[in-house]
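This report goes through a set of computed features, grouped by the part of the structure to which they belong. The sequence and the coordinates should be kept open alongside the text.

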Amino acid sequence: MATASSLRAAVPATAPCAGLRSTSAASSVRVAPAARGGRGRLVAKADAPSSATASKSDGHELLLFEALREALIEEMKLDPTVCVFGEDVGHYGGSYKVTKGLADMFGDLRVLDTPIAENSFTGMGVGAGMKGLRPVVEGMNMGFLLLAYNQISNNCGMLHYTSGGQFKIPLVIRGPGGVGRQLGAEHSQRLESYFQSIPGLQMVACSTPYNAKGLMKAAIRSENPVVLFEHVLLYNLKEKIPDEEYVLCLEEAEMVRPGEHVTILTYSRMRYHVMQAAKTLVNKGYDPEVIDIRSLKPFDLHTIGNSIKKTHRVLIVEECMRTGGIGASLRSAIIDNFWDYLDAPIMCLSSQDVPTPYASTLEDATVVQPAQIVAAVEQICQ
Amino acid sequence: MAAASFTAAKFLAPVAARSGGERAPPLPAGASSSSFARALRRGGAHHPRLRTALAVSSDVLAGNKAQAAAAHPAVTREEALELYEDMVLGRVFEDMCAQMYYRGKMFGFVHLYNGQEAVSTGFIKLLNQADCVVSTYRDHVHALSKGVPARSVMAELFGKATGCCRGQGGSMHMFSAPHNLLGGFAFIGEGIPVATGAAFAAKYRHEVLKQSGPDGLDVTLAFFGDGTCNNGQFFECLNMAQLWKLPIVFVVENNLWAIGMSHLRATSDPEIYKKGPAFGMPGVHVDGMDVLKVREVAKEAIERARRGEGPTLVECETYRFRGHSLADPDELRKPGKNYFPISALLH
């Protein structure tokens, strides 16, 4: 798979997942715009089966954490090797209720309540993965996985390679991260910037109930170790999702709002700040194209590139820190691949390089706000 | 040549001498009749796990050779030859590595196993194909004992595509899926959770997937050294393995030195086997230079795991004849020992 810093030659000519069909029971259903509602439209892909463009039923409404839960339940029913490890995932039902009821359904061994030992139970996930299981490891807060960095970097990311391809690590590592509401510095971390350099690791970030379910299923089915970043403030988002089974492509970005003037690349919670800014921008006469990149590693340079070739201006809006963040890598990748299409320098709005303060006014000041996004677009489009 | 036996007392003497003070007496050898064990049982009435936890400081055999031979009629000539061949292979292989390294044909960090052969042979030759071995950077001989062809291991050390890991892993990352060798790890302690996960998978296969082997659960052996026993992952995994009664044996290859750091200088309580009962599992100490003693203890620990009774912590006191790695000038150790595991078996 193409990496974030891939050179020009490595930009895929076709969309990610083109020609791929998802496995076993699920057919890759591309949901019609009507079912999703609002401005969000999926770009039709050449390989989408035409019979799947309209969903037959109305769909059902649920919250994002319920979508994750639904995905887990479906996958655990389909494949008995799928299991969950984490603190309080079992009897307690999960700190954010993503695994509520699963222990009753699947038992204490498949939904394993671990002691507080992130490094070791993540390593257990690696060992179990090498021996045929498909563990989903939950970090109660993504920040806690800093303690598992040894296992995530050395073993999760590397063993497929150092074993000469003999072992797969089909692990999913997931959990809530990001800046919440006054949770304090240590519970407000964005680990995507720390993990992105780990070779062998794949990373995705969900932002809606629809993509949360689809990405969770895809991550579980993937033979690669995938880190699924959820956000503490997005768990209660409500959306209607299809009744039919669907699996999303891990490497694909999501077109949130097509436009002509500027490409805004974002992910996770910042998608909502961007959309809020977009309302203001539209009133001012701008037409921003908003893409939720979703795939943090590798980047979907196909979708991103098509957009840049159209708008010639790029703004990146992210929640991780400026230094060494996802935006920094994305900027490099765009410069490497699409330099000739740019009419303006790439702008990147990131969180401040500070520990997240407790006080709410200070906390708000460290994170990108819609007003800053509006100002940035106005500057870029001069 | 008789391999003299080690007891816990040997660990204590140097510490007491240095500090000049008295230490509490060691836990008594043997279990059921000791006052300590009785106290455990009394006080452990409301702690069911404690009641069954034993610190067994054992020399499984008495130091007497004749008694030893008599106590083990089960080691046939064929078995003894198999053990001998495995130990000699390990020794000769490692010696060849040293030769190649010093001739400038092998590179990087190479950690040799000379002197510790009895542990690898004693344990691994009892395993089935389906059982797993997890090792550290000192993994060449574990690979050989588990059945990875010597040619494949040596090719890996030369970085060749014909190596067991296609030259991508190297000395410290030996893997073999067909032989269930799950690595080769460079950081100490990081293999133990992987081993714990493999043991978890064995239990899961049995209980959830209803796939049972004819002998019982597939067992995983985790090998690591004395230095690792001060590392968090060691303790975290002892806890989890006992909590879920995983089919794993934690094998400590205590060669008393972590590069230049003596075990006694690094460890508040140097008797590693005692740390097993702290987590509710048996802790066994054995002379790691005597392959028959190691095999005796290994047999019981592996059978326990197979029956689903949970993990065991086995401390094998052993010694490495060479430095920590081929790059180690090895100036601090003063080997006064005269134990040769291979020739001991010959006699």
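Where in chain A is the place of A:H312? In this predicted model, A:H312 is placed in the loop between α10 and β13 of chain A.

## Backbone geometry in the loops of chain A

Although A:H312 is not a glycine, its phi is positive, at about 65 degrees, and with a relative accessibility of 25% the residue counts as partly exposed. Another positive phi in a residue other than glycine belongs to A:Q182, where the value is near 55 degrees. A:Q182 sits in the loop between β5 (172-177) and α7 (192-195) of chain A, and A:Q182 is partly exposed, its relative accessible area being 31%.

The peptide bond that joins A:K297 and A:P298 is cis, with omega at about 5 degrees. A:P298 belongs to the loop between β12 (295-297) and α10 (301-311) of chain A.

## A buried glutamate in strand β13

Strand β13 of chain A, which covers residues 314-321, contains A:E319. This glutamate is buried yet takes part in no salt bridge, and the nearest side chain of opposite charge, that of A:R269, is 4.2 Å away. Since a salt bridge requires the nitrogen and the carboxyl oxygen to be within 4 Å, the separation of 4.2 Å from A:R269 does not qualify.

What polar atoms does the side chain of A:E319 meet instead? A polar atom of that side chain lies 2.6 Å from the backbone nitrogen of A:V179, and a polar contact of 3.0 Å joins the side chain of A:E319 to that of A:H231. If neighbours within four places in sequence are left aside, the residues in contact with A:E319 include A:G178, A:R190, A:Y267, A:M270 and A:S351, together with A:V179, A:H231 and A:R269.

## Helix α2 of chain A and its charged residues

Helix α2 of chain A runs over residues 64-78, and because 15 residues at 1.5 Å a residue should span 21 Å, the distance of 21 Å between its end C-alpha atoms agrees with the expected value. The buried residues of α2(A) include A:L64, A:F65, A:A67, A:L68, A:A71, A:L72, A:I73 and A:M76, and the charged residue A:E75 is also one of them. An α-helix has 3.6 residues a turn, so residues three or four places apart point the same way.

The structure as a whole holds 30 salt bridges over all chains. One of them joins the side chains of A:E74 and A:K217, with N and O 2.5 Å apart; because A:E74 lies in helix α2 and A:K217 in helix α8 (residues 209-221), the pair ties together parts of chain A that are 143 residues apart in sequence. A:E74 is partly exposed, at 22% relative accessibility, whereas A:K217 is buried, at 0%. Both residues belong to a network of salt bridges that also links A:E70, A:E75, A:K213, A:R221 and A:E245.

## Chain B: overall make-up and salt bridges

Chain B contains 14 helices and 10 strands, and 55% of its 347 residues count as buried. Among the contacts in chain B between residues at least 6 apart in sequence, 74% join residues at least 24 apart.

A salt bridge of 3.1 Å, N to O, brings together the side chains of B:D218 and B:R205. B:R205 lies in helix α9 and B:D218 in the loop between α9 (191-207) and β5 (220-225) of chain B, so the pair ties together parts that are 13 residues apart in sequence. Both of these residues are buried. In the salt bridge between B:R307 and B:E300, the closest N and O atoms are 3.4 Å apart; here B:R307 is partly exposed, with a relative accessible area of 47%, and B:E300 is partly exposed as well, with 43%.

## Cysteines without a disulfide

How many disulfides does the structure hold over all chains? The count is 0. For B:C229, the nearest cysteine sulfur is that of B:C316, 11 Å away, and for B:C237 the nearest is that of B:C229, 12 Å away. Because a disulfide requires the two sulfur atoms to be within 2.5 Å, neither B:C229 nor B:C237 is in one. B:C229 is buried, with a relative accessible area of 0%, and B:C237 is likewise buried, at 0%.

How values were computed: Residues numbered from 1 in each chain as written. Chains lettered and ligands numbered in written order. Predicted model: local features only at pLDDT ≥ 70, side-chain atom pairs only at ≥ 80, totals over all residues. Heavy atoms only, no water. Helix = DSSP H or I, 4+ residues; strand = E, 2+ residues; numbered from the N terminus. Buried < 20%, exposed > 50% of the residue type's maximum accessible area, 1.4 Å probe, protein only. Lys, Arg positive; Asp, Glu negative; His and termini not counted. Polar contact = N/O pair within 3.5 Å; in protein donor to acceptor, adjacent residues only side chain to side chain. Contact = heavy atoms within 4.5 Å. Expected span 1.5 Å × (residues − 1).
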